Amino acid sequence: MKTLLKTAAINNFSPVRVFFRVTGPIQSIEHAREIFRILGQFGNMVEYKFMRCSETLRYLKYGFIVYEKSESANRAVAEHFIKVPPSTLFEKSIEIKVEKSSNGAVRENQRMKN
């Protein structure tokens with residue numbers, strides 16, 4: 001019975017990595033958290049990462065998210081451009097462009113971790 005439950009849990013877990021890019025500067029961790037909060041509305045995330053400059057440690061305008069389920073990733077990708085209105089964090093509205101990662105991008109990221 002335990003094996004059957006484990007198999008069911010594994011079958012429901014189908015993580016999919018998506019790439020995102022923002023049109024405005026990400027000046028602080030609060031800005032990054034707001035972006036992830038917005039992207040988290042599409043489903044549970046198992047991993048997320050904003051890329052940073054290795055010299056200045058500034059946030060770059062792109063990153064990756066791994067959604068727990070492929071349906072969540074597909075919903076985010078279907079939205080394609082997500083508008084973030086001006087707020088106390090963002091002086092101007094920005095857009096988040098979401099697209100599926102190519103296999104090459106996944107391999108490159110894995111190689112950089114090793």
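## Salt bridges, a sheet and a ring cluster

Let's start with Lys-83, which pairs up with Glu-95 in a salt bridge whose closest N and O atoms are 3.6 Å apart. This pair links distant parts of the chain, since Lys-83 belongs to strand β4 (residues 81-84) and Glu-95 to strand β5 (residues 94-100), twelve residues apart. How exposed are the two partners? Lys-83 is exposed, with a relative accessible area of 65%, while Glu-95 is partly exposed at 23%. Keep in mind that this is a predicted model.

A search of the whole structure turns up three salt bridges. Here they are side by side:

| Salt bridge | Closest N to O distance |
|---|---|
| Lys-83 and Glu-95 | 3.6 Å |
| Glu-34 and Arg-37 | 2.7 Å |
| Glu-99 and Lys-97 | 3.5 Å |

The Glu-34 and Arg-37 bridge stays inside one element: both residues lie in helix α2 (residues 29-39), three residues apart, which is about one turn of the helix. Arg-37 counts as partly exposed, with 46% relative accessibility. As for the bridge between Glu-99 and Lys-97, Glu-99 is partly exposed at 26%, and Lys-97 is partly exposed too, at 24%.

Now for the sheet. In what order do the five strands line up? They form an open sheet that reads β2-β3-β1-β5-β4, and the pairing is antiparallel. The edge places go to β2 and β4; each has a single partner strand, so one side of each is left without a neighbour in the sheet. On average, neighbouring strands are turned by 25° against each other, direction ignored. Take a look at β1 and β3: these two run antiparallel and are joined by six bridges. Arg-21, for one, stands opposite Tyr-62 in β3.

Next, the aromatic rings. There are seven aromatic pairs in the count. One of them is Phe-20 with Phe-50: the ring centres are 5.0 Å apart and the planes sit at 85°, so the pair is edge-to-face, a label that needs an angle over 60 degrees. Phe-20 lies in strand β1 (residues 16-22) and Phe-50 in strand β2 (residues 45-52), so their contact ties together parts that are 30 residues apart in sequence. Are these two residues buried or exposed? Phe-20 counts as buried, with 0% relative accessibility, and Phe-50 is buried as well, at 6%. Both values fit because buried means under 20% relative accessible area.

The two are part of a bigger group, too: ring pairs link Phe-20, Phe-36, Tyr-48, Phe-50 and Tyr-59 into a cluster. Tyr-59 also has a charge for company, as the charged end of Arg-52 sits over its ring, 4.2 Å from the centre. There's a similar arrangement at Phe-64, where the charged end of Arg-17 sits over the ring, 5.7 Å from its centre.

Finally, the nonpolar core. Which residues have the most contacts inside the largest one? They are Phe-20, Ile-35, Leu-39 and Ile-96, in a core of 23 residues. The elements that give two or more residues to this core are β1, α2, β3 (59-67), α3 (70-79), β4 and β5. Helix α2 provides the largest share, five residues. So Phe-20 is worth finding on your screen: it's in the ring cluster, and it's among the residues with the most contacts in the core.

Note on methods: Residues numbered from 1 in each chain as written. Predicted model: local features only at pLDDT ≥ 70, side-chain atom pairs only at ≥ 80, totals over all residues. Heavy atoms only, no water. Phe/Tyr/Trp six-rings, centres within 6.5 Å; stacked < 30°, edge-to-face > 60°. Helix = DSSP H or I, 4+ residues; strand = E, 2+ residues; numbered from the N terminus. Buried < 20%, exposed > 50% of the residue type's maximum accessible area, 1.4 Å probe, protein only. Lys NZ or Arg CZ within 6 Å of the ring centre and 35° of its normal. Salt bridge = Lys/Arg side-chain N within 4 Å of Asp/Glu carboxyl O. Core = buried A, V, L, I, M, F, W, Y, C linked by side-chain atoms within 4.5 Å. Pairing = 2+ DSSP bridges. Axes fitted to C-alpha atoms, helices over the stretch in contact; angles between N-to-C directions.
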